[in-house]
Amino acid sequence: MSKFGKGCHLHLIDGSAFIFRAYHALPPLTRKSDGMPIGAVSGFCNMLQRYVDGDHGPDAPTHLAVIFDKGSHTFRNDLYDLYKANREAMPEDLRPQIPLTRQATEAFNIPCKELEGYEADDIIATLACQARKAGGRVTIVSSDKDLMQLVGDGVEMLDAMKNKRIDREGVFEKFGVYPERVVDVQALAGDSVDNVPGAPGIGIKTAALLINEFGDLETLLDRAEEIKQPKRRQTLIEKRDQIELSKKLVQLDCKTPLDFTLDDLELRDPDPDKLLSFLAEMEFRTLSKRIADKLRVEPPVIADTPAPAADEPQAEEIPFDASKYECVRDAAALRKWIDQAQERGWVAVDTETTGLNEMVADLVGISLCIEPGEACYIPLTHRDGASDDLFGSDALAEGQMPLDEALALLKPVLEDPSILKIGQNMKYDAKIFARYGVEVAPIDDTMLMSYAMHAGEHGHGMDTLSERYLGHTPIPIKPLLGSGKSAITFDKVPIDEATAYAAEDADITLRLWKLFKPQLHRVQVTTVYETLERPLVPVLARMEMHGIKVDRDVLSRMSNAFAQKMAALEAEIHELAGETFNVGSPAQLGEILFEKMGLEGGKKGKTGKYSTGADVLEDLATEHELPRKVLDWRQLSKLKSTYTDALQTHINPDTGRVHTSYAITGANTGRLASTDPNLQNIPVRTEEGRRIREAFIAEPGNVLVSLDYSQIELRILAHVADIPALKQAFADGLDIHAMTASEMFDVPLDEMTPEIRRKAKAINFGVIYGISGFGLARNLRIPRAEAQGFIDRYFERFPGIRRYMDDTIAFAKEHGYVQTLFGRKIHTTEINAKGPHAGFARRAAINAPIQGTAADVIRRAMVRMPEAIDGLPAKMLLQVHDELLFEVAEDAVDKTIEIARDVMENAPDPAVKLDVKLTVDAGKGANWAEAH
DNA sequence: GACATCACG
DNA sequence: GACGTACGTGATGTCC
């Protein structure tokens with residue numbers, strides 16, 4: 001190491017200037033994994049890197065240091081306690097970044113110097129003095145005018161942003177004097193930023209004039225009497241002490257006690273590991289890559305998903321304050337909100353209604369939110385519950401604008417294509433509005449955004465999201481409505497309480513939207529959200545509102561028939577048992593079977609009760625009469641209670657149809673879930689059960705048309721696991737289970753038996769579900785070893801399956817999620833857990849991409865369907881995972897099947913090119929049983 | 001409200 | 001070596 005001296009060039013970077021410049025130049029970036037503010041550090045690192053790599057020509061550094069301030073109290077405060085007293089507090093999101101800029105400097109292997117009780121400027125001054133004395137040159141990287149007093153022979157400043165060097169002449173331009181007199185000018189002019197008093201009424205121009213006239217400050221003060229202007233003369237005489245103090249404050253200290261020498265600042269190369277690990281820790285992807293390329297090393301892997309730490313509630317900037325919410329009671333007030341929505345181009349909307357069933361519930365009020373904390377509630381049909389009057393309870397409460405008037409004002413906004421309507425579960429609100437003649441569009445939905453980003457991690461209800469991402473627990477609805485028999489509907493809630501509750505919901509929704517919207521892109525699920533979630537809302541809303549016609553009489557007759565058969569069976573069961581008991585009670589049945597009758601079969605379950613599931617009873621039925629009869633009774637009981645009875649209660653009196661509701665975020669895999677009632681589990685597997693489908697009918701002149709994907713999950717498996725034999729079989733249109741059986745058991749196709757085919761079919765499905773020897777054995781009722789043998793052979797014949805499973809689990813373990821072919825992410829939070837959880841998680845991880853891809857495919861078909869069948873007398877009514885059910889005018893059936901099949905079979909285009917063709921089977925009939 | 005059971009893909 | 005085991009749902013009745 002050479003001694004610092006002639007030929008050396010010391011560059012001194014003013015760290016604080018870099019930090020503030022970086023902070024103000026960049027948006028408030030945060031670290032993805034934990035939300036830590038990181039913008040200033042990012043800018044700082046970029047500036048540092050650019051400086052180090054920059055071409056400085058003949059001014060290239062041989063020595064380099066970054067100098068920071070340390071401590072808020074310096075010797076200048078001892079001289080003058082108001083020094084820098086009016087400086088603004090450091091921004092909250094900058095404070096935690098300060099220590100990181102020190103770390104960053106060290107990571108770049110640049111000396112990082114600071115000294116308690118001294119400003120960076122003093123250290124810079126001292127080093128500059130030392131360097132000059134040793135015969136070297138100095139460049140001070142800063143544009144702070146306080147440092148200009150140091151410029152001189154061999155010492156220059158550099159404005160790194162403007163890349164402009166400042167020498168003696170540059171200082172003269174700025175101050176009107178040369179560097180050695182700068183402190184004199186500053187002492188007179190003072191500095192409002194640093195709270196240096198100076199001489200009142202004298203600025204830089206006047207100060208320079210005076211100094212140039214008298215030579216220096218001391219001479220000027222001594223000969224102040226000679227000044228011609230009376231005001232100036234008086235000020236300089238009266239404020240002499242203050243001026244002299246000011247000079248001490250601006251004079252930099254060249255004798256700062258340093259515990260290092262110039263030689264310690266010699267330029268050195270960074271340690272790639274240290275630097276890159278710091279950048280990775282900060283999650284600076286671009287900069288890491290750039291530096292890694294330059295250093296010719298591999299860039300660090302930086303996770304592209306938020307770590308679990310991101311789950312911690314974000315600090316809310318604007319507190320929730322119910323008293324700030326406005327209750328809108330007239331058109332004038334509403335117009336103001338409408339104006340704001342038009343100005344912004346967005347508005348969060350939430351409806352309050354008399355119930356959860358959108359087909360029945362009435363609109364009670366509407367809340368809007370434009371910016372966090374700025375929300376309103378528009379009560380419309382609140383009832384006056386306070387009155388004891390028999391008729392009074394139905395009267396509208398005072399102070400509400402007429403429903404028609406409010407809707408007339410809001411309709412243009414809600415339907416305006418240039419105003420985005422933001423909601424949490426917008427399908428609900430859109431359906432309510434639709435019943436009032438308002439077609440809400442376009443929409444964004446925070447529930448669906450959460451689903452796209454976090455499926456598998458947590459639920460997507462507003463309470464969950466608010467607590468998790470806003471750190472705020474919403475006002476619960478329970479205390480407002482009560483529970484049980486005394487529960488009231490929302491229209492009976494007092495308007496002031498309703499305002500606090502309802503407006504807050506809109507407020508929360510808007511805050512979530514502001515948080516989620518930019519995250520979609522970062523988590524790379526924008527396409528999923530935009531193509532598979534958002535556009536589904538209007539499609540499903542229309543299907544649900546259309547409903548399906550159900551013949552009440554058919555159901556009613558079946559219920560009666562079931563009741564009779566059940567009664568007969570019940571009598572026989574009691575006869576066989578020798579006593580009467582509740583056949584519907586598994587606990588009582590267990591007692592009868594395993595204690596009174598003493599049959600084989602063990603206790604199970606955590607509750608210590610006997611298991612009496614269908615598989616158990618099925619085994620017992622070979623030896624005894626009673627279990628068979630219980631099985632028959634149970635089947636009838638199920639059909640009656642869940643279907644023939646319950647379905648009747650779901651027939652809408654206005655439409656005569658049944659309107660299910662699809663939960664878009666119901667299943668983690670991307671499947672829909674149908675509720676109230678569930679029309680995705682209408683019986684079909686048994687003859688008696690299938691007859692329930694005869695009650696699902698078409699209007700006169702129409703038929704029901706069913707189109708369903710043939711073996712879609714196995715086809716997707718063949719594609720993703722890349723199984724040539726499976727692909728070929730599908731291409732040839734073979735019986736896929738028979739083909740599998742032939743491969744596995746070496747049986748030619750023309751000698752295939754139903755029994756062998758059945759086994760192969762069970763294995764095919766088992767594979768999709770994350771097969772285990774135990775599970776297959778139980779399903780096929782064969783010894784476990786034999787089942788394991790089948791699986792082993794399956795993997796042997798189709799090695800791609802094993803590879804797919806291993807790869808999928810490895811991916812899940814590394815990333816915490818798995819993906820469908822269309823990019824949908826399904827999180828597997830338990831995949832790295834120990835214990836029984838892990839087994840479930842592994843099988844779920846294997847299944848999710850297959851089930852999820854199939855779900856994506858039919859979603860794509862559904863989104864495209866309305867336009868495809870537009871103009872045809874055909875309506876899409878139901879989705880049952882791989883089936884779409886339509887109601888079609890008789891003369892348009894063939895055309896509809898042709899078009900809908902085309903849409904379904906080509907649904908993956910153009911996003912995904914499957915190696916296996918998708919095929920769709922079609923059926924038609926007067927009822928669902930015939931159509932399927 | 002938990003649990004068992006059973007309907008669907 | 002033992003343990004617990006097919007994937008994804010929703011609705012119903014019993015029982016505490």
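Begin by selecting Thr 808 of chain A in this predicted model, and you will find that Thr 808 sits in helix 34, which runs over residues 799-815. Is Thr 808 buried or exposed? With a relative accessible area of 8%, it falls under the 20% limit and therefore counts as buried. Now show the side chain of Thr 808 together with the backbone of Tyr 804, where a polar atom of that side chain lies 2.6 Å from the backbone oxygen of Tyr 804. If you then leave aside the neighbours within four places in sequence, the residues in contact with Thr 808 are Val 818, Ala 845, Ile 846 and Pro 849.

Next, zoom out until chain A fills the window, and colour it by secondary structure, which gives 37 helices and 23 strands. Chain A has 932 residues, of which 51% count as buried, and it exposes about 43,200 Å², with carbon and sulfur atoms supplying 51% of that area. Among the contacts in chain A between residues at least 6 apart in sequence, 67% join residues at least 24 apart.

From this overview, move to the sheet that contains strands 1 to 6, an open sheet of 6 strands with mixed pairing, in which the order to follow across the screen is 3-2-1-4-5-6. Which strands stand at the edges? They are strand 3 (112-113) and strand 6 (164-166), and each has a single partner strand, so that one side of each is left without a neighbour in the sheet.

Starting from the edge at strand 3, select strand 2, residues 63-67, which pairs with strand 3 in the parallel sense over 2 bridges; here the bridge partner of Ile 67 is Lys 113 in strand 3. With these strands still in view, add helix 5, residues 120-133, which packs on the sheet and touches strand 1 (9-14), strand 2, strand 3, strand 4 (137-141) and strand 5 (155-159). The direction of helix 5 makes about 175 degrees with that of strand 1.

Strand 1 is the next selection, and it pairs in the parallel sense with strand 2 over 5 bridges, as it also does with strand 4, again in the parallel sense over 5 bridges. To see one position on each side, pick Leu 10, which stands opposite His 63 in strand 2, and then Leu 12, which stands opposite Ile 140 in strand 4. How many residues of strand 1 are buried? The count is 6 of the 6, so strand 1 is largely enclosed by the rest of the structure. Showing the side chains lets you check both faces, since His 9, His 11 and Ile 13 are buried on one side, while Leu 10, Leu 12 and Asp 14 are buried on the other.

Now turn to a helix, and select helix 16, residues 426-435, in which 9 of the 10 residues are buried, so that this helix too is largely enclosed by the rest of the structure. The buried residues of helix 16 are Met 426, Lys 427, Tyr 428, Asp 429, Ala 430, Lys 431, Ile 432, Phe 433 and Ala 434. Step on along the backbone to Gly 437, just after helix 16, where phi is positive, at about 80 degrees.

A further stop is an open sheet of 3 strands, arranged in the order 14-13-17 with antiparallel pairing. Strand 14 (657-658) and strand 17 (696-697) stand at its edges with a single partner strand each, and so one side of each is left without a neighbour in the sheet. Select strand 13, residues 548-550, to see how it pairs with strand 14 in the antiparallel sense over 2 bridges, with Lys 549 standing opposite Arg 657 in strand 14.

Finish at DNA strand B, which has 22 residues around it, those that come nearest being Thr 612, Lys 638, Val 684, Arg 685 and Asp 882. Helix 26, residues 626-649, gives the largest share of the surface near DNA strand B, with 4 residues. Which part of DNA strand B supplies 77% of its atoms within 4 Å of the protein? Those atoms belong to sugar or phosphate, and the rest belong to bases. For contacts with phosphate, select Val 684, where a polar backbone atom is 2.6 Å from a phosphate oxygen of DNA strand B, and then Gly 613, where a polar backbone atom is 3.4 Å from a phosphate oxygen. For a contact with a base, select Asn 681, whose side chain has a polar atom 3.0 Å from a base nitrogen of DNA strand B.

Note on methods. Residues numbered from 1 in each chain as written. Chains lettered and ligands numbered in written order. Predicted model: local features only at pLDDT ≥ 70, side-chain atom pairs only at ≥ 80, totals over all residues. Heavy atoms only, no water. Buried < 20%, exposed > 50% of the residue type's maximum accessible area, 1.4 Å probe, protein only. Contact = heavy atoms within 4.5 Å. Areas by Shrake-Rupley, 256 points an atom, 1.4 Å probe, with all protein chains shown as cover. Polar contact = N/O pair within 3.5 Å; in protein donor to acceptor, adjacent residues only side chain to side chain. Pairing = 2+ DSSP bridges. Axes fitted to C-alpha atoms, helices over the stretch in contact; angles between N-to-C directions. Near = heavy atom within 4 Å.
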